[in-house]
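Let's take a walk through this structure together, with the coordinates open beside the text. Keep your viewer ready, and follow along one element at a time.

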Amino acid sequence: MSDFWLYIKLGFSHVLDWNAYDHVLFLIVLAIGYTFDNWKRLLLLVTLFTVGHTLSLFLAAYNVISVNSKLVEFLIPVTILVTALFNVFTAKNAFKNGKMGVQYIVTVFFGLIHGLGFSIYFKHVSGGTKILPLLEFALGIEFAQIIIVFIILMISFIAQTFFRFSKRDWIMVISSIVVGIVIPMLIANKIW
């Protein structure tokens, strides 16, 4: 039972680690275009991200895939940048009902990339048995992501309701701030 809480806590702290804030940045740009009215769609996106993250950890733990860690460390900020730029260029017609299938697929793919970034560490802490710790770890990730997304939705609600930001402006400002944070990450992890 103590191992259960160990891996839940590990997954939870993986998302909330201040030294690895890339996960939070991705969640910000993923969630910023949504409101509480769209919580089901957003929860599905968050869960798909966790599925991708967990799948890549599973494949790496069983040595099915092995990826250059320098490449992964570069691709993680690329996924954040792409999502933020998507928000900037589509903020006017933010997240209408069309094109969600593409967003679901891209979110799973980005989850795969983010999971690869943590796979080496996870291999070391999981020991011999990998499936159960991996599922427990994924549960911890999902809990932490839901908390972060709820906070993002609350801040967005306050900004748009009390401070009268238009939804478009709110998406543009927050996504642009994230772009400004991610560019130095890209430069620091360049692969050329």
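Which backbone oxygen does the side chain of S119 reach? Before you look, keep in mind that this is a predicted model. The partner is the backbone oxygen of L116, and the distance between the two is 2.9 Å. S119 itself sits in helix 5. Its relative accessibility is 8%, so S119 counts as buried, the cut-off being under 20%. Once neighbours within four places in sequence are set aside, S119 is in contact with L57 and A60.

From that residue, let's step back to the core. The largest nonpolar core of the model contains 46 residues, and I80 and V182 are the ones with the most contacts inside it. Seven helices each supply at least two residues of this core: helix 1 (2–16), helix 2 (22–31), helix 3 (39–61), helix 4 (69–90), helix 5 (100–126), helix 6 (131–161) and helix 7 (167–188). Helix 6 gives the largest share, with 9 residues. If you centre your view on V182, you will find it in contact with L25, P77, I80 and L81, leaving aside neighbours within four places in sequence.

Helix 2 makes a good next stop. Is helix 2 mostly covered or mostly open? It is mostly covered, with 8 of its 10 residues buried. Those buried residues are D22, H23, L25, F26, L27, V29, L30 and A31.

Now see how helix 2 packs against helix 4. Their axes come within 9 Å of each other and cross at roughly 20°. Angles under 35 degrees count as roughly parallel, and therefore helix 2 is roughly parallel to helix 4. The crossing of this pair is left-handed. On the helix 2 side, D22, L25, F26, V29 and L30 make the contact, while helix 4 contributes I76, T79, I80, T83, A84 and N87. I80 deserves a second glance here, as one of the two residues with the most contacts inside the largest nonpolar core.

Helix 2 also packs against helix 3. Here the angle is about 145°, and the axes are 11 Å apart. This crossing is right-handed, whereas helix 2 passes helix 4 in a left-handed one. The residues that make the contact are H23, F26, L27, L30 and A31 from helix 2, together with L42, L45, V46, F49 and H53 from helix 3.

Let's stay with L45 for a moment. This residue of helix 3 is buried, with a relative accessible area of 0%. Which residues does L45 contact, leaving aside its neighbours within four places in sequence? They are L30, Y34, M100, Q103, Y104 and T107. With T107 you can also check the spacing of the backbone: the two C-alpha atoms are separated by 6.6 Å, although these positions lie 62 residues apart along the chain count.

Further along helix 3 you come to T50. At 6% relative accessibility, T50 is buried too. Its C-alpha atom is separated by 7.8 Å from that of V108, a residue 58 places away along the chain. Not counting residues up to four places away in sequence, T50 touches A138, I141, E142 and Q145.

Helix 6 is also where you will find I152. This residue counts as buried, at 8% relative accessibility. Apart from neighbours within four places in sequence, its contacts are L27, I28, A31 and I32. Of these, L27 and A31 appear among the buried residues of helix 2.

Finally, turn to two loops. Most residues other than glycine have a negative phi. Which sign does phi take at N63? It is positive, at about 55°, although N63 is not a glycine. You can find N63 in the loop between helix 3 and helix 4, where this residue is exposed, with a relative accessible area of 58%. R164 offers another case, with a positive phi near 60° in a residue other than glycine. R164 belongs to the loop between helix 6 and helix 7, and at 69% relative accessibility it counts as exposed.

Note on methods:
Residues are numbered from 1 along each chain as its sequence is written. This is a predicted model: local features need pLDDT of at least 70, side-chain atom pairs count only at pLDDT 80 or more; totals for chains, interfaces and linings use all residues. Side-chain values use heavy atoms; hydrogens and water are left out. A nonpolar core is a set of buried Ala, Val, Leu, Ile, Met, Phe, Trp, Tyr and Cys residues joined through side-chain atoms within 4.5 Å. Buried means under 20% relative accessible area, exposed over 50%, partly exposed in between (1.4 Å probe, protein chains only). Helices (H or I, at least four residues) and strands (E, at least two) are DSSP runs, numbered from the N terminus. Contact means heavy atoms within 4.5 Å. A polar contact is a pair of N or O atoms within 3.5 Å; within protein, one must be able to donate a hydrogen and the other to accept it, and residues adjacent in sequence count only if both atoms are side-chain atoms. Axes are lines fitted to C-alpha atoms, for helices over the stretch in contact, and angles run from 0 to 180 degrees between N-to-C directions. Angles under 35 degrees count as roughly parallel, over 145 as roughly antiparallel, 65 to 115 as roughly perpendicular and the rest as oblique. A crossing is left-handed if the near helix is turned anticlockwise from the far one by less than a right angle, and right-handed if clockwise.
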